[in-house]
Structure formats: structure tokens, C-alpha cells
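Me: Please take a close look at one part of this protein and set it in the context of the whole chain. Here is the model.

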Amino acid sequence: MSHFSADDPLLKILACPLDKGPLTLLQPEEALYNPRLRRRYPIVDGIPQLLPSSGEQVGDEEHQRLLKRLSEPEAPSS
């Protein structure tokens, strides 16, 4: 289970190892995403795997799905 939430201060300092830009938290996938390079980095046991070799290139279809999801407002928690 991820120890991150969308408002976690740690997310503000984590950066993509390739372009040094910000990452977006993907839940429930337990991953961090760089939409600029279309790369997804897993979070394993609460630890972001931010080595360049750990990143997974995302195809066009998956990238569009993720962008759409990231632009949607989050549902309120009950």
C-alpha cells in the first residue's frame, strides 16, 4: 500500500530522474507519472522507484487515459 496521498509534501520534492520535472501520483496504480516523457515509475512497499531503468514507457492510448483521469476532479472520500 502506498504511503502517499495527493497532498503529501514529499510529492512536491520528488522529480523525474530523466527531466527533473514534477511527477503526478497515480492511484490506485501505486505509481508516479511524468506526462511530459510518458513515463510511469512504480511505488513498491511505499518507496518510489525513481531510477531511470525503473520507469516504464507508456503508449499513446494509456497516456491519453491517464491524462483524462488526472484532469477529472477527485471523488470525495466517504
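Reply: The accessible surface of the protein chain in this predicted model comes to about 5300 Å², and carbon and sulfur atoms account for 57% of that surface. Of the 78 residues, 33% are buried. The chain has one helix and five strands, in the order β-β-β-β-β-α along the sequence. Its radius of gyration is 12 Å, close to the 12 Å that the globule rule gives for 78 residues, so the chain is as compact as a globular protein of that length. The C-alpha atoms fill a box of roughly 40 × 25 × 20 Å along the principal axes.

The part to look at closely is R40, which sits in strand β3, residues 39-44. R40 has a relative accessible area of 14%, and because the cut-off for buried is under 20%, R40 counts as buried. The side chain of R40 makes a polar contact with the side chain of E62, at 2.9 Å. Beyond its neighbours within four places in sequence, R40 touches L26, A31, L32, Y33, S54, G55, E56, V58, E62 and L66.

Some of these partners also belong to nonpolar cores. L32 is part of the largest one, whose 10 residues also include F4, L11, L14, C16, L23, L25, Y41, I43 and L50. Another core, of five residues, lies apart from the largest one, and among its members are A31, Y33, V58 and L66.

Within the largest core, L14 can be followed further: leaving aside neighbours within four places in sequence, L14 is in contact with F4, G21, P22, L23, L32, P48 and L50.

Notes
Residues numbered from 1 in each chain as written. Predicted model: local features only at pLDDT ≥ 70, side-chain atom pairs only at ≥ 80, totals over all residues. Heavy atoms only, no water. Core = buried A, V, L, I, M, F, W, Y, C linked by side-chain atoms within 4.5 Å. Buried < 20%, exposed > 50% of the residue type's maximum accessible area, 1.4 Å probe, protein only. Contact = heavy atoms within 4.5 Å. Helix = DSSP H or I, 4+ residues; strand = E, 2+ residues; numbered from the N terminus. Polar contact = N/O pair within 3.5 Å; in protein donor to acceptor, adjacent residues only side chain to side chain. Rg over C-alpha atoms; globule rule 2.2 N^0.38 Å. Areas by Shrake-Rupley, 256 points an atom, 1.4 Å probe, with all protein chains shown as cover.
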